[in-house]
Amino acid sequence: MILIKTADEIELMRESNLLVSLTLAELAKFIKPGVSTERLDQIAEAFIRDHGAVPGFLGYQGYPKTLCTSVNSEVVHGIPSEKVILKEGDQLSVDCGVVKNGFYGDTAFSFEVGEVSAEVRRLLDITRECLQKGVEQAVEGKRIGDIGNAVQNHAESMGYTVVREMVGHGLGRHLHEAPEVPNYGRRGTGPKLKKGMVICIEPMINMGRRQIKQDPDGWTIRTADKKPSAHFEWAVAIDKGKADVLSTFSYIDDELLKQSK
Ligand code: MF3
Ligand code: CO
Ligand code: CO
């Protein structure tokens, strides 16, 4: 069953996703060569608690941390660790969740560590465009397959592949609600989108082949061919004519722009 959120509930979900967006922007200040992903996790947890919320992933199905930090060929669900020290040229997907006022926020951004290669930069740019293409389809009257189709078309037209096993999802009082939101699919198929549905659109796009493997840690998903993978995620509320995006990258973009000046 796909739950419909009231306008008031959507405002609470905007608050939750805004806090995740702010947390990611705070992390942007620290994502540099030499920092451990464990340190980033500590910063995020403190920031979230200071803002009257609790980490959304910590304890979820036994997950041990606040963030998922996935480096280079890691697709998603990389576990923060003091053993993982970021280095120049790495690419880092940070996925963060909170619960505030009973509602989840869930948003992810792929960062450059120092300067990345031109080919990794392109993967990040195109994956972010894939998210945008998906969001453009997230309007009342369209179907879930329209979103996946838009993401897949863009990725594949650029020579990339789409991870199939992991999908986006509904979001609300639970981290993962119906419907599933695949990043591939056929136009005009799947559940119909209605005003008040809230979904996470989260393309996971690979530079090489689409196949993935899970590490023995039971969480980390990486590309089977060890080539880079990127991941961006927004929570969006379905509305008439245009999606109401509850997450934002503007705080991150502002921080990164500040750093580049
Ligand atoms: N944030 C992931 C998603 O976007 C789910 C992470 S679950 C965790 O759906 F347990 F790994 F945190
Ligand atoms: Co997420
Ligand atoms: Co998600």
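A polar contact is taken here as a pair of N or O atoms within 3.5 Å, where, within protein, one atom must be able to donate a hydrogen and the other to accept it. In the predicted model described here, the side chains of asparagine 101 and glutamate 15 form such a contact, with a separation of 3.3 Å. The two residues stand 86 positions apart in sequence, yet their C-alpha atoms are separated by 8.9 Å. Asparagine 101 belongs to the loop that runs between strand 4 and strand 5, the latter comprising residues 103-112, and beyond its neighbours up to four places away in sequence this residue touches Leu12 and Glu15. With a relative accessibility of 44%, asparagine 101 is classed as partly exposed, because this value falls between the limits of 20% and 50%.

Strand 4 itself, residues 91-100, contains glycine 97. In contrast to the loop residue just described, glycine 97 is classed as buried because its relative accessibility is 0%. Once neighbours within four places in sequence are set aside, the contacts of glycine 97 comprise Val20, Ile48, Val54, Pro55, Gly56, Phe57, Thr66, Gly105 and Asp106. Two residues of this list, Phe57 and Asp106, also belong to the surroundings of ligand 1. For glycine 97 and alanine 44, which are 53 residues apart along the chain, the distance between C-alpha atoms is 10.0 Å.

The interior packing may be considered next. In soluble globular proteins, nonpolar side chains tend to be buried together. In the present model, the largest nonpolar core consists of 41 residues, and the members with the most contacts inside this core are Leu24, Leu27, Ile31 and Ile201. The greatest contribution to this core comes from helix 1, residues 7-28, which supplies 6 residues. A separate second core, made up of 16 residues, includes Cys68, Val99, Leu171 and Leu175. For isoleucine 31, the contacts that remain after residues up to four places away in sequence are excluded are Leu40, Leu86, Leu92, Val94, Phe111, Glu112 and Val113.

The environment of ligand 1 is formed by Phe57, Tyr60, Tyr63, Cys68, His77, Asp95, Asp106, His169, His176, Glu202, Trp219 and Glu233. Sorted by class, this shell holds 5 nonpolar, 3 polar and 4 charged residues. Cys68, named above as a member of the second core, is also part of the shell. Three side chains of the shell place a polar atom at a short listed distance from an oxygen atom of the ligand: histidine 169, through an N or O atom, at 3.0 Å, glutamate 202 at 2.9 Å, and glutamate 233 at 3.0 Å. Ligand 1 taken alone exposes 330 Å², of which 96% is buried by the protein.

A further side-chain pair involves aspartate 215, which is located in the loop between strand 11 (212-214) and strand 12 (221-223). The side chain of aspartate 215 makes a polar contact with that of arginine 222 at 2.8 Å. Apart from residues up to four places away in sequence, aspartate 215 touches Thr220 and Arg222. Although charged by class, aspartate 215 counts as buried, because its relative accessible area of 18% is under the limit of 20%.

Several features of the backbone also merit description. The peptide bond that joins alanine 178 and proline 179 is cis, with omega about 0°, and proline 179 lies in strand 8, residues 177-181. Positive phi values occur in residues other than glycine: glutamine 61 has phi near 50°, while the value for lysine 226 is about 70°. Glutamine 61 sits in the loop between strand 1 (54-55) and strand 2 (67-71), and lysine 226 in the loop between strand 12 and strand 13 (229-231). Glutamine 61 is exposed because its relative accessible area is 64%, and lysine 226 likewise counts as exposed, at 54%.

Glycine 188 is found in the loop between strand 8 and strand 9 (198-201), where a relative accessibility of 48% makes this residue partly exposed. Its contacts, with residues up to four places away in sequence left out, are Arg143 and Asp146. The C-alpha atom of glycine 188 is separated by 34 Å from that of glycine 78, a residue 110 positions away along the chain.

Note on methods:
Residues are numbered from 1 along each chain as its sequence is written. Chains are lettered from A and ligands numbered from 1 in the order in which they are written. This is a predicted model: local features need pLDDT of at least 70, side-chain atom pairs count only at pLDDT 80 or more; totals for chains, interfaces and linings use all residues. Side-chain values use heavy atoms; hydrogens and water are left out. A nonpolar core is a set of buried Ala, Val, Leu, Ile, Met, Phe, Trp, Tyr and Cys residues joined through side-chain atoms within 4.5 Å. Buried means under 20% relative accessible area, exposed over 50%, partly exposed in between (1.4 Å probe, protein chains only). Helices (H or I, at least four residues) and strands (E, at least two) are DSSP runs, numbered from the N terminus. Contact means heavy atoms within 4.5 Å. A residue is near a molecule or strand if one of its heavy atoms lies within 4 Å of it. Accessible areas come from the Shrake-Rupley method with a 1.4 Å probe; for residues, only the protein chains shown count as cover.
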